Amino acid sequence: MAQKLKTDWILFAVVLGMVSFGVLILYSASSIMAQLRYGSTWHFVARQAAWAAVAVVAMMTLKRTHYRTYQNPAVAFSAIGVALVLLAGVYLVDTQHHRWLRMGPIGLQPSELAKPALVIFLAFFVTWRARAINNPRYTLVPAALAVGLVILAVVVADLGTAVVLGGTAAIVFFVAGLELRYCAIAAAVASIGVCIFIATSPYRLARVVKFFDPEFKVVNQFDRKGRIKAQLEKSLTTRDTNYQLQQSKIAVGAGGPAGVGLMNGKQKLLYLPEAHTDFIYAVICEELGFIGALIVIALFAVYGWRGLRAAFAAPDGFGRLLALGITAMVIFQALINFAVVLGMVPTKGIPLPFISYGGSSLLVMLLATGVLLNISQQSTSR
C-alpha cells in the first residue's frame with residue numbers, strides 16, 4: 001500500500017504568509033504612486049494579487065508532480081535552451097532595457113525564468129556526471145559554458161540576477177564535491193569578470209566608486225585636475241544609487257524598535273525610488289520597525305532551514321542538489337536585497353522574494369517552492 005505523502009506545513013505556511021504579507025505591505029508602499037500614475041491606489045496590488053493567485057495554483061501543481069520528472073535530459077536541456085532563447089529574444093524586443101517580453105498587459109522577465117532553469121540543469125548535469133565531477137573536459141568545461149552563457153545573457157541588463165545565478169551555481173558545485181582548486185579558479189574568473197563589467201560601464205563604475213568614496217576624497221588625491229571626478233559625476237543621475245541609499249537609510253532609521261505604523265511611512269511618498277519593488281524592505285523597516293524587519297528575516301531563515309532539511313533528507317543526489325539549488329537561489333537573493341537596502345553593498349536592482357512587486361519574480365519563486373515541497377514530501381515518505 002502506497003504511503004501517504006506528508007506536506008511540509010511549516011514551509012508551506014511560511015511561503016503563503018510572506019506572499020500575503022507582501023500584498024499587504026505592497027498596498028502601503030505603492031498606493032500613492034499608483035494613484036498618481038494610474039488613478040487608482042489598487043493598481044499594483046490588484047496585479048500582484050492576480051499573479052499570486054496564478055502562482056499559488058502553479059505551486060500546488062508542482063507540489064504534486066514528482067521531482068524526478070525533471071531528471072531527464074530532455075527536460076534539463078530544454079529548460080536551459082528555452083531560457084537562452086528568451087534571453088536572446090529580449091534584446092530584440094526590449095531594445096532599451098533588455099529586460100522585458102511583453103504580451104499586451106502581461107510582462108515577463110526572462111532573467112527571472114533563467115533561475116529555475118539553471119538550477120534544474122545543474123542538478124541534472126552534476127548528478128549525471130557525479131563520478132567525474134572534477135574532470136575538466138568531461139564535466140567542468142561543458143557546465144561552465146552553460147552557466148557562463150546564461151550569466152552573460154543576463155548580466156548586461158541585470159547584474160543582481162547574474163550574481164544570484166553565479167552564487168547558486170557555485171553552491172551546487174561545491175556541495176557536489178568540486179575540488180577547492182577549481183572553486184578558487186571559478187571565484188577568480190568570476191571576480192575578474194565582474195570587475196571588467198563594472199569598469200567598462202561608466203554609470204556602474206561611478207556607482208561603485210561613490211559608494212566606497214562618497215565625497216571623492218580618494219579620487220581627488222589622484223585627480224588634481226578633477227577630470228575623473230567630473231566624468232564620474234556625469235555618469236550619475238540626480239536620483240541614482242546614493243540618493244536611493246540615503247533615502248533607504250532614512251526609512252530604516254526612522255522605524256525605530258516598533259515602527260511608525262502600517263501606512264504611516266513617509267519615505268514612500270515619492271522620496272524613496274522603487275519603494276514597492278527593490279526597496280520594499282525599507283518600507284517594512286520604517287513602518288514595522290526593527291521587530292517587523294527581524295520577523296521578515298526570521299521567515300527567510302525558516303525557509304532556509306526547511307529547504308536544507310529537505311535537501312539533506314532527499315532520497316537521491318538529484319533531489320538533494322535540486323532542493324539545495326532552490327534554497328540557495330531564494331536565500332541568496334533575499335540576502336542581497338537586505339544588504340542593498342541597509343547600505344552594505346552598492347545598489348543592485350533585485351527584488352525581495354515573495355514580497356516585492358513583480359509578477360515574474362513571484363511566479364518563479366512559487367514554482368520553485370512547489371518543487372521544493374515535493375522533494376520534502378518524498379523525503380518524509382521514505
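Let's start with G166, which sits in helix α6 (residues 159-176); a helix here is a DSSP run of H or I with at least four residues, numbered from the N terminus. This is a predicted model, where local features need pLDDT of at least 70, side-chain atom pairs count only at pLDDT 80 or more, and totals for chains, interfaces and linings use all residues. Residues are numbered from 1 along each chain as its sequence is written, and side-chain values use heavy atoms, leaving out hydrogens and water.

So is G166 buried or exposed? With a relative accessible area of 25%, G166 is partly exposed, since buried means under 20%, exposed over 50%, and partly exposed in between (1.4 Å probe, protein chains only). G166 also lies 7.2 Å from I151, C-alpha to C-alpha, though 15 residues separate the two in sequence.

Now look at helices α3 (residues 73-93) and α5 (residues 136-155), which pack at about 25° with their axes 10 Å apart. Axes are lines fitted to C-alpha atoms, for helices over the stretch in contact, and angles run from 0 to 180 degrees between N-to-C directions. That makes α3 and α5 roughly parallel (the term covers angles under 35 degrees). Where do they touch? On the α3 side you'll find I80, L84, L87 and Y91, meeting L149, V150, L152, A153 and V154 of α5; contact means heavy atoms within 4.5 Å.

Finally, check helix α2 (residues 43-63): its 21 residues should span 30 Å at 1.5 Å a residue, and its end C-alpha atoms are indeed 30 Å apart. Its buried residues include F44, W51 and M59.

Technical notes: Helices (H or I, at least four residues) and strands (E, at least two) are DSSP runs, numbered from the N terminus. Angles under 35 degrees count as roughly parallel, over 145 as roughly antiparallel, 65 to 115 as roughly perpendicular and the rest as oblique. The expected span of a helix is 1.5 Å times one less than its number of residues.
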